[in-house]
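Me: I have a protein open here and would like to go through it slowly. Could you help me read it?

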Amino acid sequence: MKKEKTPQEQAAYEAKRAAQRRQWAIAHPEQTRRYGREFYKRNQEKRKAYSREYNRQHREERHAYAREYYRRKKAENPNYVRELNQRDKERRLAKAAALAARKAEARRLARHQYYMENRLEICRRLLTEYAYRSIERIKALIPERVEAYLRAYPFEECGDRLIRAVLFRHFQLRSRQAEYEDCYEAGMLAYLYSIHRCAVLECSYTVPYIRKMVRIYVNCALVVYHDTRELCRKNQLSEVRLDADPTGRRY
């Protein structure tokens, strides 16, 4: 039969257990915090209701304590409230900046994911619809200025040479490769588009703009050229070419 503890023994036992729990909490701070967070998460609504009821019952007492606290702080430092407001403003601005950065990063990742999932269609539309539509619209608005830019930056000097340099230096493409012609045509389209865009903007950095657009359009041309590979990547398939067997066999 279990012996009943006297009140003194029970109090001593509880004090001993409380001391052991305090020592364990001091020795394991992270685990103690985790237990606390999990407890508040499980009892979130209950804790909120308890806090609201406590604040309601002690409203006047809390207001009196707050007034006395601020009176004491202002006596110690006349600029206390101003410094407190400035610190709060800086904290709010930092929080808003962090939130804006997170949103911008989320938008960037969403755009990148959308492009990766639909880049074949995006590149195809860029090369077959958007560029031609933009060129026609600009040429109808300012034909004289477009002709002036074409004379100032002729294709032989600012088009052909830039395209061949980009194909060789940035994409390691040579004229004997199968995709070279498609990429060269994309570079020509990029040259025309750049001339028209620079004409409407009246910019002076035409050559760097042409070089940049040539890289973009050639990259799109490579995506479209390897459309089978893009379709396989999008549908988690493996690309198999019967004419790629190194032994020359046909199946």
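Me: Let's start with charged pairs: which residue does R33 form a salt bridge with, and how far apart are the closest N and O atoms?
Reply: This is a predicted model, and in it R33 forms a salt bridge with E30, with 2.9 Å between the closest N and O atoms. Both residues belong to helix 2, which covers residues 29-42, and they sit three residues apart, or about one turn of the helix.

Me: Why does that spacing suit a pair?
Reply: An α-helix has 3.6 residues a turn, so residues three or four places apart point the same way. Side chains of opposite charge can then pair when their charged atoms come close.

Me: And is E30 buried or exposed?
Reply: E30 counts as exposed because its relative accessibility is 54%, and the cut-off for exposed is over 50%. R33, at 44%, counts as partly exposed.

Me: How many salt bridges are there in the whole structure?
Reply: A search of the whole structure finds eleven. One of them joins the side chains of R108 and E105, at 2.7 Å from N to O, and these two residues lie three residues apart in helix 5, about one turn of the helix. R108 is partly exposed, with a relative accessible area of 41%, and E105 is partly exposed as well, at 36%. Elsewhere, salt bridges that share partners join D88, R91 and R92 into one network.

Me: What is the N to O distance between D88 and R92?
Reply: Their side chains meet in a salt bridge at 3.0 Å. D88 and R92 are four residues apart in helix 5, so about one helical turn separates them, and D88 counts as partly exposed at 32% relative accessibility.

Me: Helix 5 keeps coming up. Where does helix 5 bend, and by how much?
Reply: Helix 5 bends by about 80 degrees at N118. A straight helix of 62 residues would span 92 Å, at 1.5 Å a residue, whereas helix 5 spans only 63 Å between its end C-alpha atoms.

Me: Which residues of helix 5 are buried?
Reply: The buried residues of helix 5 include Y80, R119, L120, C123 and L126, and also I135 and I138.

Me: New topic, the core. How many residues has the largest nonpolar core, and which have the most contacts inside it?
Reply: The largest nonpolar core has 40 residues, and those with the most contacts inside it are L167 and Y217. Helices 5, 6, 7, 8 and 9 each supply at least two residues of this core, and the largest share, eleven residues, comes from helix 8.

Me: What does L167 touch, leaving aside its neighbours within four places in sequence?
Reply: L167 is then in contact with Q172, L173, Y180, C183, Y184 and V218.

Me: What about T206, is that buried or exposed?
Reply: T206, which lies in helix 9, is buried, because its relative accessible area is 0%. Beyond its neighbours within four places in sequence, T206 is in contact with Y149, Y153, I195 and C198.

Me: Last thing: which elements have the highest and lowest mean pLDDT?
Reply: Helix 8 has the highest mean pLDDT, 93, and helix 10, residues 227-234, has the lowest, 62. For the protein as a whole the mean pLDDT is 87, and 90% of the residues reach 70 or more. Over residues 241-251 pLDDT stays under 50. Where pLDDT is low, the predicted coordinates should not be read in detail.

Methods:
Residues are numbered from 1 along each chain as its sequence is written. Side-chain values use heavy atoms; hydrogens and water are left out. A nonpolar core is a set of buried Ala, Val, Leu, Ile, Met, Phe, Trp, Tyr and Cys residues joined through side-chain atoms within 4.5 Å. Buried means under 20% relative accessible area, exposed over 50%, partly exposed in between (1.4 Å probe, protein chains only). Contact means heavy atoms within 4.5 Å. The expected span of a helix is 1.5 Å times one less than its number of residues. The bend at a residue is the angle between axes fitted to the seven residues ending there and the seven starting there. A salt bridge is a side-chain nitrogen of Lys or Arg within 4 Å of a carboxyl oxygen of Asp or Glu. pLDDT is the predictor's confidence in each residue, from 0 to 100.
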